[in-house]
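I opened this model to look up how its parts fit together. These are my notes, in the order I made them.

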Amino acid sequence: MVARTDQATDPDLLAALLQARRGTAFFARKLNELSDVELDGDSLLPGWTRRHITAHIGYNARAVARLVEWAATGVETPMYASTAVRDHEIEFGATLSPIALRHLFDHSAVHLNVEWRDLPADAWRHKVRTIQGREVPAAETVWMRTREVWIHAVDLDNGATFSDIPAPVLERLLADITGAWKTRGTDKGLVVKVTDRDLTFGDSSSASATVVFGPLAAVVEWAAGRGSNGVTAAGPGTAAANGTVPAAPKWI
Ligand code: ZN
């Protein structure tokens, strides 16, 4: 029998699923506001049109769904055969007709949602592997998708901003991004402070650190490499001393 409701029972997981579904609905709304002609326009990502963003989000849902299927069946089905295959898929997807692109987004989102809905409660702990080679429980697929739909809705560049992203999503994003910097050691001499929350990340051991600060949405926008609107830098570093906000270290 096919389930009509989530098989997951963990309240945190159910809350996370809601956040992913809201993000998908938000992306859908921004996409639907764009005319077919506007899909040809530039996105906020260098070299990518809105078509590339839409294709990427569609194929991302399929890739994440493969991980959920892996967790359900125990049969290994990777996200993508390789990063080259993923990139090629996006380039191809960007050439689809507007109607096909929109269908790709809609159908892949519905498919992923069905895979999540029907995944038995105990299978959410099953391990799968991301394209970066990380072993994660299937529950992590929800976050992987959540950050994609919210950030790339902004990248469509038709009115969405980081302030539209729910605070819990922004906070987790910032923890992810600064965690990636720490792992790579690229956060040396850099402190990130969120002024409307009691949050500080980065290299707090350094007395001569450059401190980048601002409200949560602006700080995450900067940290994700989307410009420095609304953030300020301070500290003895040359750039900060003359008021220039340094570019955030690479994240992915
Ligand atoms: Zn992406």
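**Entry 1: the sheet**

I began with one pair of residues: Val-192 stands opposite Phe-201 in β4. The model is predicted, so I note that local features need pLDDT of at least 70 and side-chain atom pairs count only at pLDDT 80 or more, while totals for chains, interfaces and linings use all residues. Residues are numbered from 1 along each chain as its sequence is written, and side-chain values use heavy atoms, with hydrogens and water left out.

I looked up what the element names rest on: helices (H or I, at least four residues) and strands (E, at least two) are DSSP runs, numbered from the N terminus. Two strands pair if DSSP finds at least two bridges between them.

Strand β3 covers residues 190–194 and pairs with β4 in the antiparallel sense, over 4 bridges. A hairpin of 4 residues joins β3 to β4. I then checked Lys-193 and found that its bridge partner in β4 is Thr-200, and that its bridge partner in β5 is Phe-213. β3 and β5 run parallel and are joined by 5 bridges.

I followed Phe-213 onward: its bridge partner in β6 is Thr-232. β5 and β6 run antiparallel, with 3 bridges between them.

Which order do the strands take in the sheet? I wrote down β4-β3-β5-β6, an open sheet of 4 strands with mixed pairing. β4 (199–202) and β6 (232–234) are the edge strands, each pairing on one side only. From one strand to the next, the twist averages 20°. Helix α7 (residues 216–223) packs on the sheet and touches β3, β4 and β5 (210–214). The direction of α7 makes about 150° with that of β3. For such angles, axes are lines fitted to C-alpha atoms, for helices over the stretch in contact, and the angles run from 0 to 180 degrees between N-to-C directions.

**Entry 2: burial in the strands**

I used these cut-offs: buried is under 20% relative accessible area, exposed is over 50%, and partly exposed is in between (1.4 Å probe, protein chains only). In β3, 4 of the 5 residues are buried, and the strand is mostly covered. In β5 the side chains alternate. Thr-210, Val-212 and Gly-214 point to one face and are buried, whereas Val-211 and Phe-213 point to the other and are not.

**Entry 3: the zinc ion**

Which residues coordinate the zinc ion? I found His-56 (NE2), Glu-148 (OE) and His-152 (NE2), at 2.1 Å. Donors are N, O and S atoms within 2.8 Å of the metal (3.2 Å for Na, K and Ca); water is not among the atoms, so sites may look incomplete. The spacing of the donor residues in sequence is H-x91-E-x3-H. His-56 in helix α2 and Glu-148 in helix α5 are 92 residues apart, a pair that links distant parts of the chain. Both His-56 and Glu-148 are buried.

**Entry 4: helix α2 with helix α5**

I turned to the two helices named above. The axes of α2 (residues 50–73) and α5 (residues 140–155) come within 10 Å and cross at roughly 175°. α2 and α5 are therefore roughly antiparallel to each other; angles under 35 degrees count as roughly parallel, over 145 as roughly antiparallel, 65 to 115 as roughly perpendicular and the rest as oblique.

Contact means heavy atoms within 4.5 Å. Among the α2 residues that meet α5 are Ile-53, His-56 and Asn-60, and those on the α5 side include Met-144, Glu-148 and His-152.

**Entry 5: Ile-90**

Is Ile-90 buried or exposed? I noted it as buried, because its relative accessibility is 5%. Ile-90 is found in helix α3 (residues 83–93). Leaving aside neighbours within four places in sequence, Ile-90 is in contact with Trp-48, His-52, Ala-55, His-56 and Tyr-59. His-56 is thus one of the contacts of Ile-90 and also coordinates the zinc ion.

**Entry 6: helix α1 with helix α4**

Last, I looked up α1 (residues 11–33) and α4 (residues 98–118), whose axes come within 12 Å and cross at roughly 170°. That makes α1 roughly antiparallel to α4.
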